[in-house]
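Work through the exercises below with the model open. Try each task before reading its solution.

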Amino acid sequence: MTTIEAKHDLVRGDNARRDDDAGAAFVLQSKGQWWHAGFHLTTAIVGPTILTLPYAFRGLGWGLGFFCLTVMGVVTFYSYYLMSKVLDHCEKSGRRHIRFRELAADVLGSGWMFYFVIFIQTAINTGVGVGAILLAGQSLEILYSNLSPHGPLKLYHFIAMVTVVMIVLSQLPSFHSLRHINLCSLLLSLGYSFLVFGACIHAGLLAKDHSTDYSLEPRKSARVFSAFTSISIIAAIFGNGILPEIQATLAPPATGKMVKGLFMCYGVICVTFYSVAVAGYWVFGNKSNSNILKSLMPDEGPSLAPTWVIGLAVICVLLQLFAIGLVYSQVAYEIMEKKSADVSQGMFSKRNLIPRLILRTIYMALCGFVAAMLPFFGDINGVVGAIGFIPLDFVLPMLLYNMTYKPPKSSFTYLLNMSIIVVFTGAGIMGAFSSIRKLILDANQFKLFSSEVVD
């Protein structure tokens with residue numbers, strides 16, 4: 001028996017044993033409709049990281065910035081569409097995959113791919129979880145500092161508060177149970193995007209007598225590094241990495257439902273991404289901060305927008321970060337539950353409830369501890385995009401489609417897919433190099449348990 005045949009038998013055996021799989025039965029319940037998938041996708045992609053887009057444009061300029069943002073949007077939509085097609089094809093063949101790692105191992109016929117995807121997904125999901133807690137703590141600190149400028153509380157106090165709330169919310173048992181939270185998340189993303197857009201227009205009109213500088217780095221080498229860092233940031237913003245798990249929440253058959261969810265998600269993306277990127281870069285140019293809210297609230301001088309607008313935007317960001325942290329924790333919970341729970345005992349039995357409570361509390365507490373210890377975690381955003389999201393969202397889906405549908409090597413689809421693989425592999429390598437370079441340059445600012453987040 002060949003390695004590929006053995007792997008296919010292993011995956012089929014796994015499907016046959018799914019009735020005994022608590023991770024599938026409890027966390028990845030297949031009960032959702034297409035609009036639920038749209039809610040989950042939007043929460044996974046449209047988050048406060050979009051407030052970094054003016055900063056990403058700062059390394060690219062107007063023309064290249066628009067081009068990269070649009071190309072990334074088109075490519076990721078195409079990528080997620082192809083992955084959904086591959087999942088549908090496997091389902092029709094009697095092999096419904098509800099995990100990214102199973103899909104990659106089955107189609108590519110390689111055992112190491114199974115563990116490669118686990119490693120990348122774990123790095124992304126844990127990183128997003130830590131980042132969500134850090135940003136939520138920072139949002140609370142912003143509100144607190146405006147109400148009590150000389151108050152005694154530090155950043156790590158707010159991170160601890162956020163972690164406690166996340167521990168409570170993490171006890172929601174399944175991905176499907178987040179559907180109402182993720183609907184609120186979608187509305188919140190629209191809310192703070194419109195508020196930031198309005199605040200930037202207001203700031204721009206107030207500063208109409210001052211010219212905005214859109215020039216790039218003067219040295220060519222620095223300009224190249226900045227461009228690839230910006231590309232990695234945009235890739236991370238569009239990244240998902242959990243589409244098979246989201247499609248798993250759909251009631252079978254899932255065919256066609258995911259595409260409707262994608263259209264909903266990308267409708268929100270078009271409204272939010274472009275409004276924030278254009279308004280923010282128009283006002284601040286190459287002075288754009290990595291969080292546009294900081295640009296609107298400079299350390300010196302008055303706020304550039306009404307305080308109530310910025311405060312409401314910060315509250316919307318804070319509330320959405322809880323939903324994002326929950327969504328990206330589901331893969332970790334599914335892995336835990338598969339190993340620790342007994343599906344025959346029932347989801348809310350004492351046998352399964354106690355391990356769930358303990359394991360999820362430990363996971364969230366560890367994420368909170370790392371967020372408090374490393375308040376420069378946001379500086380790793382470009383690295384995560386380069387070595388995490390680019391392989392999962394820009395490379396593997398094209399490869400999986402070519403392996404599954406086997407289009408002729410001379411066909412447009414095959415050539416397009418291979419071109420995307422080559423281009424984004426190169427962009428990922430360069431992006432990782434330039435992002436790591438930035439980490440090294442900023443290293444002297446890194447302080448454990450600091451009250452200042454490194455920009």
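**Exercise 1.** In which helix is histidine 157 found?

Solution. Histidine 157 is found in helix 8, residues 155-169. Helices here are DSSP runs of H or I with at least four residues, numbered from the N terminus (strands are E runs of at least two). Next, classify its exposure. Buried means under 20% relative accessible area, exposed means over 50%, and partly exposed lies in between (1.4 Å probe, protein chains only). Histidine 157 has 30% relative accessibility, so it counts as partly exposed. Finally, take a distance. The C-alpha atoms of histidine 157 and glutamate 141 are 9.0 Å apart, with their positions 16 residues apart along the chain.

Two ground rules apply throughout. This is a predicted model, in which local features need pLDDT of at least 70 and side-chain atom pairs count only at pLDDT 80 or more, while totals for chains, interfaces and linings use all residues. Residues are numbered from 1 along each chain as its sequence is written, and side-chain values use heavy atoms, with hydrogens and water left out.

**Exercise 2.** Trace the salt bridges of glutamate 334.

Solution. Start with the criterion: a side-chain nitrogen of Lys or Arg within 4 Å of a carboxyl oxygen of Asp or Glu. The structure holds 8 such bridges.

- Step 1. Glutamate 334 meets arginine 99 at 2.4 Å, N to O. Glutamate 334 lies in helix 15 (330-340) and arginine 99 in the loop between helix 5 and helix 6 (100-108), so this pair ties together parts 235 residues apart in sequence. Both residues are buried.
- Step 2. Glutamate 334 also bridges to arginine 101, with the closest N and O atoms 2.8 Å apart. Arginine 101 is in helix 6 and glutamate 334 in helix 15, so parts 233 residues apart in sequence are tied together. Both of these residues are buried too.
- Step 3. Now join bridges that share partners. One network results: Asp21, Arg99, Arg101, Glu102 and Glu334.

**Exercise 3.** Describe the second largest cavity and a salt bridge between two of its lining residues.

Solution. On a 1 Å grid over the protein atoms alone, a cavity is a set of points where a 1.4 Å probe fits but cannot get out; lining residues have an atom within 4 Å of a point. The count comes to 2 cavities of 30 Å³ or more. The second largest has a volume of about 40 Å³. Leu87, Glu91, Arg96, His97, Pro244, Gln247, Ala248 and Ala254 line it. Helix 5 (61-92) and helix 11 (243-248) each give two or more residues. The largest share, 3 residues, comes from helix 11.

Now the bridge. Arginine 96 pairs with glutamate 91, the closest N and O atoms being 3.8 Å apart. Arginine 96 counts as buried because its relative accessibility is 18%. Glutamate 91 is buried, also with a value of 18%.

**Exercise 4.** How many residues line the second largest pocket, and which lie nearest its centre?

Solution. A pocket is an open set of grid points with protein on both sides within 12 Å along at least five of seven lines. The lining has 19 residues, and Tyr55, Arg58, Glu217, Ser226 and Lys438 lie nearest the centre. Helix 4 (53-58), helix 10 (220-238) and helix 18 (412-442) each contribute two or more residues. Helix 10 gives the most, with 6. The space in this pocket is about 440 Å³.

Definitions and conventions: Points joined across faces, edges and corners; volume = space filled by probe spheres on them.
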